[in-house]
Amino acid sequence: MQANYEPYVSKEPDANGIFPYTEDEHKIWAELYQRQQAIIKDYACPEYLEALEALALPKDRVPQLKDVTARLQSLTGWGVASVPALISFGKFFNLLANKQFPAATFVRRREHMQYLQEPDIFHEVFGHCPFLTNPVFANFMEKIGKIGVDANEKDRVMLARLYWFTVEFGLMQTSKGIRCYGAGLLSSNSETVYAVESDIPERKPLVVLDALRTPYRYDIFQTVYFVINSFDDLYALLQEDLIGQIGKARELGEFPPTFPPKDDKSAFKNC
């Protein structure tokens with residue numbers, strides 16, 4: 001990874017709730033948006049394209065969270081909460097349970113246009129927030145937040161794994177073939193294509209127990225993706241005893257990893 005890596009720090013709003021962004025940061029957002037828009041038309045699921053249009057994000061400047069919140073509030077009652085890049089699972093699930101999506105407010109630097117190890121505002125708002133205009137998906141996010149609030153710390157870690165394989169890196173079977181719905185894919189110019197086109201990763205129908213037992217690495221292209229048929233599949237997950245499934249997964253143990261060890265530098269994403 002990058003040598004002498006300087007951590008990112010979320011921005012603070014002024015008295016009017018406005019976050020200060022520089023001209024270069026606005027240009028970076030515009031470049032990221034334009035680059036990703038050219039890709040998602042062929043690789044995002046139709047629901048995402050509809051949701052992105054519904055959210056009506058600015059293409060030429062970094063959106064203000066209060067504007068994104070106002071739009072979401074009018075559609076599904078959701079909002080966006082400013083947070084540091086990384087927060088505890090407890091705080092994360094508590095925000096979701098209260099229909100608040102946690103978003104870091106910094107913009108990636110130009111040297112990290114290809115890959116950034118922390119979630120920046122482009123990932124948070126462009127990748128995640130559009131689907132919060134979709135009532136079925138928004139309801140799923142609220143419900144999984146409430147399950148996480150009631151879970152203990154160990155179970156929250158496992159619940160976050162299910163979130164990783166769905167909300168972050170999920171694929172959907174559509175009439176045009178497999179397409180992306182995970183925010184980690186939709187905000188990545190390279191893994192968006194890889195997840196759909198490459199013959200390297202394994203693509204499996206989403207089974208909760210399998211996802212809970214599957215290890216992953218955050219710093220490489222995923223080696224396993226789970227596929228749903230529609231957001232109704234996600235909502236159906238909530239009808240299962242997820243905490244019970246977590247306990248069963250823990251008893252059975254993890255599947256053998258399908259990725260190289262972390263000291264294998266060749267496996268890193270473009271960074």
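A disulfide here is a pair of cysteine sulfur atoms within 2.5 Å. By that cut-off, a search of the whole structure turns up zero disulfides. This is a predicted model, where local features need pLDDT of at least 70, side-chain atom pairs count only at pLDDT 80 or more, and totals for chains, interfaces and linings use all residues. Residues are numbered from 1 along each chain as its sequence is written, and side-chain values use heavy atoms, leaving out hydrogens and water.

Two of the cysteines are worth a look. Buried means under 20% relative accessible area (1.4 Å probe, protein chains only).

| Cysteine | Nearest cysteine sulfur | Relative accessible area |
|---|---|---|
| C45 | C180, 8.3 Å | 0%, buried |
| C129 | C45, 16 Å | 0%, buried |

For C129, that gap is too far for a bond.

Now the helices, which are DSSP runs (H or I, at least four residues) numbered from the N terminus. Helix α7 covers residues 153–168, and 13 of its 16 residues are buried, so the rest of the structure largely encloses it. N152 caps the N-terminal end of α7, with a side-chain oxygen 3.1 Å from the backbone nitrogen of K154.

Helix α12 (residues 242–252) has L242, Q245, I246 and A249 buried. Looking down the α12 axis, the buried residues fall within an arc of 105°, so they line one face of the helix; the arc is taken over the directions from the helix axis to the C-beta atoms. As background, an α-helix has 3.6 residues a turn, so residues three or four places apart point the same way. The cover over the buried residues of α12 includes α6 (135–150), α7, α10 (208–212) and α11 (231–237), going by contact (heavy atoms within 4.5 Å). After α12 comes G253, with a positive phi near 90°.

Conventions:
Buried < 20%, exposed > 50% of the residue type's maximum accessible area, 1.4 Å probe, protein only. Helix = DSSP H or I, 4+ residues; strand = E, 2+ residues; numbered from the N terminus. Polar contact = N/O pair within 3.5 Å; in protein donor to acceptor, adjacent residues only side chain to side chain.
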